[in-house]
Amino acid sequence: QAMEASHDDVISAIGAASTRYTPFFGGRKPFMYIDLPDQALQCASTLLCVLAQTNPQCDYCPALPMMLALLLTGPLEPKMVYAIAHTVFAVSCSAMTYAPTPDGAYRFMGTSMRQHLEMAHTFDLLVQRKLPQISRLVHQQLKETFCTLASEWFENLFATAVSDDAALMIFDVFALEGAYALHLVGLGILKLCRKEVLKQHTWEDVENTIRTIAEGLEGAALLQEAFANFGYIGRPELDQIATEAKKKCSCTSMPDRIHDGLYYRPEVLTTSRIITEAQWQTIFFWIPNDSPISQLCLTYSTSRDGFSLQTLYRNCCEVGACLLLLRACACEATSQPDSAQVQPDAVFGAYLSAAPAVSSKYYGNASTYIFTISPREQQFTAVPVANDWTTTSSPATSPATSPTTSPTKDSVPQSPVGPRNTGGNTYYINGFMNKLVIGGGGDGPALQLPADLQTGTSYCSATFNNVALFGGHTFSIMALEIYSFI
């Protein structure tokens, strides 16, 4: 719907009030390097949110924030900036080659970690072919590559490497020629640095020399050097080199997506009796950004449904991933009213990758985590496990209580659902008729709730490598809520 709307409607779809933080698509914050007025900063933040919202298939494009920042240094209106950025982003997401397609489109930016790595390796191969003296020094004598330096240049569109005026001139050429121009500019910088670079004896000195010289280059001189000396490199030749670089990167394992929290604020349909408005912001920051959440619905509440684990299971039987929130205080038997060390009320909880339910074995996946909100905000994610297997994302039902034994590799169903871990254990969630357990190993469950939901416990678990969520380990449950995602 947003794609079919006008640019004005799209920009207003995610206003400043709903923007919690700016998604940078895996890149750096360009506003640290480019001085923009407050109005332009807010516009950039909103536009990045819109682009993320309308292009959910891609959350890694580190050059995108810098492109927006550079566009906003000019006199263009926000809707025109969005139109340009959206077009360039859409073309790049189509994984175009460096050579134009029949409709004249070609790649501008890498839109995945792998594409970004392949672009850096393409540049490194270009140096080997077009600047043999520098290549012999770096590749053969120093045993280094230009991949890291190229990655930094391409990620920031050279804006952090050259002067502001030069950066704007490079961007103008990039807007016309796409990623092809970035490779030529990089070769131009190295050509202008060649004499000084060849005098160096360590890779650190080579890098420092290149950075120092690049900062003082004039934009016109740099572009003239780049296109006069390397403009003969055709796009088809660059595609051939890119194919070779792709083969070099094919054995490199990397995630297709990044996980950096929700950049927008979901709507909470029912006011929580546990979490304040400000505390919701922290929780949203921790929720994985690939969770399809637009609204939070109160599925279970002790204030509404009573203190019963069976009711909790029944209410959650048709939900998926959910959020468990707790407000707790010290048990009367362990509290000391006359002492200055009285444990204050605490707010904590868990993000459950699957709904709580009675199960014969542990279930869930590594996106499960636990957290504390008050008196301290802290998140504990699952510790990676070395075993090459994962647990299922849904519980295996059990007709009765099951012994609290740890699962073995053979007893846990294989499933591709959820992220794969690499140490720790996979005791994410287990439901019994008489208790709900989250985490295990170490000193005990990270969180354990009884059938009457009156008194719970928390220990340092191996699953999350956490501290006890409540200082005294045992606590009285004042309120418990579960929110499911819509």
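## Exercises on a buried helix and on aromatic pairs

In this predicted model, Ser92 has a relative accessible area of 0% and is therefore buried.

**Exercise 1.** Determine where Ser92 is placed and which residues Ser92 touches, leaving aside residues up to four places away in sequence.

*Solution.* Begin with the secondary structure, where Ser92 falls in helix α4, which covers residues 78-93. Then list the contacts of Ser92 beyond four places in sequence, which are Phe108, Met109, Thr111 and Gln115. Finally, place Ser92 among the buried residues of α4, which also include Val81, Tyr82, Ala83, Ala85, His86, Val88, Phe89 and Val91.

**Exercise 2.** Check whether the distance between the end C-alpha atoms of α4 agrees or disagrees with the span expected at 1.5 Å a residue.

*Solution.* The helix α4 has 16 residues, and the expected span is 1.5 Å times one less than the number of residues, which gives 22 Å. The end C-alpha atoms of α4 lie 22 Å apart in the model, so the two values agree.

**Exercise 3.** Classify the ring pair of Phe146 and Trp203, and locate both residues along the chain.

*Solution.* The count of aromatic pairs comes to 18. For Phe146 and Trp203, the ring centres are 5.6 Å apart and the planes meet at 75 degrees; since an angle over 60 degrees counts as edge-to-face, the pair is edge-to-face. Next, Phe146 is found in the loop between α6 (132-141) and α7 (147-155), whereas Trp203 belongs to helix α10 (residues 203-215), so that the pair links distant parts of the chain, 57 residues apart. As for accessibility, Phe146 is buried at 0%, and Trp203, at 14%, also counts as buried because the cut-off is under 20%.

**Exercise 4.** Carry out the corresponding analysis for Trp286 and Phe371, and name the aromatic cluster that contains them.

*Solution.* The centres of these rings are 5.6 Å apart and their planes stand at 45 degrees, and the pair is tilted. Trp286 lies in helix α13 (residues 277-286) and Phe371 in strand β5 (residues 369-374), 85 residues apart, which again links distant parts of the chain. Trp286 is buried, with a relative accessible area of 13%, and Phe371 counts as buried at 0%. Together with Tyr351, Tyr369 and Phe485, these two residues form one aromatic cluster.

**Exercise 5.** For Arg107 and Lys435, identify the ring over which each residue lies, and state the distance from the ring centre.

*Solution.* Arg107 lies over the face of Tyr98, 5.7 Å from the ring centre. In the case of Lys435, the charged end sits over the ring of Phe432, at 5.5 Å from its centre.

Key: Residues are numbered from 1 along each chain as its sequence is written. This is a predicted model: local features need pLDDT of at least 70, side-chain atom pairs count only at pLDDT 80 or more; totals for chains, interfaces and linings use all residues. Side-chain values use heavy atoms; hydrogens and water are left out. Helices (H or I, at least four residues) and strands (E, at least two) are DSSP runs, numbered from the N terminus. Buried means under 20% relative accessible area, exposed over 50%, partly exposed in between (1.4 Å probe, protein chains only). Contact means heavy atoms within 4.5 Å. Rings of Phe, Tyr and Trp (its six-membered ring) pair if their centres lie within 6.5 Å; planes under 30 degrees apart count as stacked, over 60 as edge-to-face and the rest as tilted. A charge sits over a ring if NZ of Lys or CZ of Arg is within 6 Å of the ring centre and within 35 degrees of the ring normal.
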